[in-house]
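Visitor: Could you walk me through this one, telling me each time what a term rests on?
Guide: Gladly; let us look at it together.

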Amino acid sequence: MWFLIKNGRVIDPSQNLDETADLLVENGRISKIGKVSVEKLDNGQGSVYDATGLVVTPGLIDMHVHLREPGFEYKETIETGAQAAAAGGFTTIVGMPNTKPAVDNRAVVEYVLNKGKDATVNVLTTGTATKANEGKEMAELGEMIDAGAVAISDDGFPVQSADLMRRIMEYAAMLGVPFLAHCEDKSMTSDGIMNEGIMGTILGLRPWPRQAEEIMIWRNIMIADLAKCRLHVQHVTTAGGVEAIRWAKSRGIAVTCETCPHYFSLTDEALKEYDTNAKVCPPLRTQSDVDVLKEALADGTIDVIATDHAPHAQNEKEVELQDAAFGMVGLESALPLVVTYLVKTGVLSLADAIARMTIAPANALGIDSGALKEGAIADITIIDPEAKVTVKASEFKSKSRNTPIDGMELTGKSVATIVSGEIVYETKPVKS
């Protein structure tokens, strides 16, 4: 069986490819990029997708997703999370380990990966840093990596002990996997709700200082350097955090980092109407932080754009702000936010934006993905960068609807998502 994508603008940042071309898929793998004659193919055994005016890229990769299963299936399941990913143009997603039970041993890793085999897109998982996410005793790192976990992470439950973090990073380095760090000094945020600043003062909400994030970024950089561990800093939100990472990179320390679409498209003013959907962890910051994040994306200090897709049930958000859960969904709105706030504004070229969502996360994780090379598995995203989009949370594939951008007018969307040569999501028909 073959599948031919005709006349698309093929962008693959991994090989500096940006040209109008055809892309032929045979038996689930990319067999040719260039000019392909349909007449020379067996028309009874394949189909053609007309990508004229569209952009053909490697399948998008999201290295920071909360799938909630096992334990919180009322918010999301592996399958509904995968469907949301496909609708957003993602072909590979990496689940965080703060489930219940936590992904802290071989059995739970295998459970997630086995469930993922039946999902719409490629589902990978991380393993926890500590048993049951309690921050007390190191989890079974070796067994989890042996079972298929691609990284170790403390997301949602940041390890507070520097000595324990050192030992965890030493093991991660020995196992050859990165540590994905949620940087938060919990002693400074135990009752925090929103960014500490003028808006928080006006609203009278308990403060979450930026220093809680920056202190832990600096600490984790120091420990990563000591342990010779590959450190990936998750969801950077502050100018000071960017400064720390820029310093580490200048010293040759093995650090990568990410930020999320809501951190470069919203500020803490999104909370001025006490919208619980804008309550996220870490909190939305100020316009000056947003400006620095954009500069850091442009100069390459920030390597990756991830969503931190964090679904919550309606009853967990329709409460007083201080009682509402932290987090917003992001898989189905990420690409339009990237195009609208980064590409259309000239912060990043379209190719650079795609790099932040394909080859950059693949490199940070050390996985063989994020490229359109001949012979590679055909994970492909087709994008209409000029499409006008109105965010409709009611139409999300995710089980949850918690987003503060419902109704927002944006530009750019995925029109087809292809995994191993099979279309798993599309908004226009295939021509046969």
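Guide: Two strands count as paired if DSSP finds at least two bridges between them. The model here is a predicted one, and that cut-off goes straight to work: strand 10 (residues 152-153) and strand 11 (residues 179-181) are joined by two bridges and run parallel.

Visitor: What makes strand 10 and strand 11 a pair?
Guide: The requirement is at least two bridges, and two bridges join strand 10 to strand 11, so the pair qualifies under the definition. As for a bridge partner, Ile-152 has Phe-179 in strand 11.

Visitor: Which helix packs on the sheet and touches strand 11?
Guide: That is helix 6, which also touches strand 14 (231-233) and strand 15 (255-259). The direction of helix 6 makes about 170 degrees with that of strand 14. The sheet itself is open, with six strands in the order 9-10-11-14-15-16 and parallel pairing.

Visitor: What makes strand 9 and strand 16 edge strands?
Guide: Strand 9 (127-128) and strand 16 (304-305) each pair on one side only.

Visitor: Why is helix 4 called oblique to helix 6?
Guide: The axes of helix 4 (residues 162-175) and helix 6 (residues 211-227) cross at roughly 45 degrees and come within 9 Å. Roughly parallel needs an angle under 35 degrees, and roughly perpendicular starts at 65. The angle of roughly 45 degrees falls in neither range, which makes helix 4 oblique to helix 6. The crossing is right-handed.

Visitor: Which residues of helix 4 and helix 6 meet?
Guide: From helix 4 come Ala-162, Met-165, Arg-166, Met-169, Glu-170 and Ala-173, and from helix 6 Arg-219, Asn-220, Ile-223, Ala-224, Leu-226 and Ala-227. By class, this contact has eight nonpolar residues, one polar and three charged.

Visitor: Why are helix 6 and helix 7 called roughly parallel?
Guide: Helix 6 and helix 7 (residues 239-250) pack at an angle of about 15 degrees, with their axes 8 Å apart. The limit for roughly parallel is under 35 degrees, so helix 6 and helix 7 earn the description. Helix 6 passes helix 7 in a right-handed crossing. On the helix 6 side are Glu-214, Ile-217, Trp-218, Ile-221 and Met-222, while helix 7 brings Gly-240, Gly-241, Ala-244, Ile-245, Trp-247 and Ala-248. That contact divides into eight nonpolar, two polar and one charged.

Visitor: How do you know whether Gly-240 is buried or exposed?
Guide: Buried means under 20% relative accessible area. Gly-240 has 18%, so Gly-240 counts as buried. The C-alpha atoms of Gly-240 and Asn-220 are separated by 14 Å, the two residues being 20 apart along the chain.

Visitor: Why does one side of strand 6 and of strand 8 lack a neighbour in the sheet?
Guide: Another open sheet has three strands in the order 6-7-8, with parallel pairing. Strand 6 (60-65) and strand 8 (122-125) stand at its edges, each with a single partner strand, so one side of each has no neighbour in the sheet. From one strand to the next, the twist averages 20 degrees.

Visitor: What makes strand 6 and strand 7 a pair?
Guide: Four bridges join strand 6 to strand 7 (residues 90-95), and the strands run parallel; the definition asks for at least two. Ile-61 stands opposite Thr-92, and Asp-62 opposite Ile-93. Helix 1 (residues 78-88) packs on this sheet, touching strand 6, strand 7 and strand 8, with its direction at about 140 degrees to that of strand 7.

Visitor: What makes helix 1 mostly covered?
Guide: Nine of the eleven residues in helix 1 are buried, among them Ile-78, Thr-80 and Gly-81. Strand 6 is mostly covered too, with six of its six residues buried. Helix 1 is followed by Gly-89, whose phi is positive, near 95 degrees.

Visitor: How many bridges support the pairing of strand 17 and strand 18?
Guide: Strand 17 (residues 380-390) and strand 18 pair over eight bridges in the antiparallel sense, with Lys-388 opposite Thr-411. Strand 18 (residues 409-419) is mostly covered, since nine of its eleven residues are buried. Four bridges join strand 18 to strand 19 (residues 422-426), also antiparallel. In their hairpin, with two residues between the strands, Ser-420 takes a positive phi near 50 degrees.

Definitions and conventions
Residues are numbered from 1 along each chain as its sequence is written. This is a predicted model: local features need pLDDT of at least 70, side-chain atom pairs count only at pLDDT 80 or more; totals for chains, interfaces and linings use all residues. Side-chain values use heavy atoms; hydrogens and water are left out. Axes are lines fitted to C-alpha atoms, for helices over the stretch in contact, and angles run from 0 to 180 degrees between N-to-C directions. Angles under 35 degrees count as roughly parallel, over 145 as roughly antiparallel, 65 to 115 as roughly perpendicular and the rest as oblique. A crossing is left-handed if the near helix is turned anticlockwise from the far one by less than a right angle, and right-handed if clockwise. Contact means heavy atoms within 4.5 Å. Ala, Val, Leu, Ile, Met, Phe, Trp, Tyr, Cys and Pro count as nonpolar, Asp, Glu, Lys and Arg as charged, and the others, Gly among them, as polar. Buried means under 20% relative accessible area, exposed over 50%, partly exposed in between (1.4 Å probe, protein chains only).
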